[in-house]
Amino acid sequence: NPDGNKIAYLFQNDTTKELAIANTDGTNFETLVQFKTIDFEPDVAWSPDGRKLAIFANMETGMQSNAKEVNIYIYDFETRNVSKITEDGVSAGALFSPDSKKLIYQSGKGIWLYDLESKDNKTAALDLKLQGDLATSSWVDNNGFLALSSEDGSLQKVKASGIKESINYQKDSLPAGIKSVIYGNQKVYLINNDGIYQLLLNSGI
């Protein structure tokens, strides 16, 4: 977790599959969620404030538990409740905003945004109409993030409202195949197999 004193891990035998947490030395084992299916391993992401876990798994019962569908669930440590936030069966991965109030997630080839503080589950999810990957996305602040478009290689600054602004940079001078995008202190780091390239946002290079 962000404080470095807890680990989340999967426990599985022939009949049981569950997500648990414990101290980093293995003490104070505690089961959080029991899964109905053991067809594949779930994955998780901690929120920056340590109060939530995003879980990417199949937690359905009956016939649905045998399907290879993955949705996103949020476990809240304060309420001890699990809420399902996607229904499409192809959602996985999540990047929490710095204040842990929003997240972006992968739905098929597109990136969506979810407002965890919204009272209406139907309007909490926003299709950003952006083809991309979470590995090439990075939050800038609580109200926006950067994402590399998989359609044309453009670098987009996306606001939580869904408004997108294309950032000019010398993409033709870079080798193809950007694997990761990381933001920090007005600098963007574009990483591929050949090296790390730095983009200064305020100078557009």
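This is a short talk about one predicted protein model, going from the whole chain to its sheets, its loops and its largest pocket.

Hello everyone, and thanks for coming. Please keep the structure open while I talk. Remember as we go that we are looking at a predicted model.

Let's start with the whole chain. How many helices and strands does the chain have? There are 18 strands and one helix. The chain has 205 residues, and 40% of them count as buried. Now take the contacts in the chain with a separation of 6 or more: 32% of these come from residues 24 or more positions apart.

Next, the sheets. I have picked out two for you.

One is an open sheet of three strands, in the order S1-S2-S3, and its pairing is antiparallel. Which strands are at the edges here? They are strand S1, residues 6–12, and strand S3, residues 30–34, and each of them pairs on one side only. Direction ignored, neighbouring strands of this sheet are turned by 30 degrees against each other on average. If you zoom in on S1 and S2, with S2 covering residues 17–23, you will find seven bridges joining them in the antiparallel sense. To see one partnership on your screen, click on Ile7: its bridge partner in S2 is Ala22.

The other is an open sheet made by four strands, S8-S9-S10-S11 in that order, again with antiparallel pairing. Strand S8 (91–96) and strand S11 (125–131) each have a single partner strand, so one side of each has no neighbour in the sheet. In this sheet, neighbouring strands are turned by 25 degrees against each other on average, direction ignored. S8 pairs with strand S9, residues 102–107, over five bridges in the antiparallel sense. Here you can look for Ala94, whose bridge partner in S9 is Tyr105.

Now for some loops. Have a look at Arg80, in the loop between S6 and S7. Its phi is near 65 degrees, which is a positive value in a residue other than glycine. Is Arg80 buried, partly exposed or exposed? With a relative accessible area of 44%, Arg80 is partly exposed.

Asn185 also has a positive phi without being glycine, with a value near 55 degrees. You will find Asn185 in the loop between strand S16 (180–184) and strand S17 (187–192). Asn185 counts as exposed, because its relative accessible area is 68%, and the cut-off for exposed is over 50%.

One more loop residue: Gly162, between strand S14 (155–159) and strand S15 (164–167). Which residues does Gly162 touch, if we leave aside its neighbours within four places in sequence? Gly162 is in contact with Leu126 and Leu128. Leu128 is 34 residues away along the chain, yet the two C-alpha atoms are separated by 5.6 Å.

Last stop, the largest pocket. Its volume is about 220 Å³. Strand S6 (71–76), strand S7 (81–84) and strand S10 (110–115) are the elements that give two or more residues to its lining. Which of them gives the largest share? That is S7, with three residues. The lining as a whole includes Lys52, Ile74, Asp76, Tyr114 and Asn121. Sorted by class, the lining has four nonpolar, four polar and four charged residues.

That's my tour. Thank you for listening!

Note on methods:
Residues numbered from 1 in each chain as written. Predicted model: local features only at pLDDT ≥ 70, side-chain atom pairs only at ≥ 80, totals over all residues. Heavy atoms only, no water. 1 Å grid on protein atoms, 1.4 Å probe; cavity = no way out; pocket = protein on both sides within 12 Å on 5 of 7 lines; lining within 4 Å. Points joined across faces, edges and corners; volume = space filled by probe spheres on them. Nonpolar A, V, L, I, M, F, W, Y, C, P; charged D, E, K, R; others polar. Pairing = 2+ DSSP bridges. Axes fitted to C-alpha atoms, helices over the stretch in contact; angles between N-to-C directions. Buried < 20%, exposed > 50% of the residue type's maximum accessible area, 1.4 Å probe, protein only. Contact = heavy atoms within 4.5 Å.
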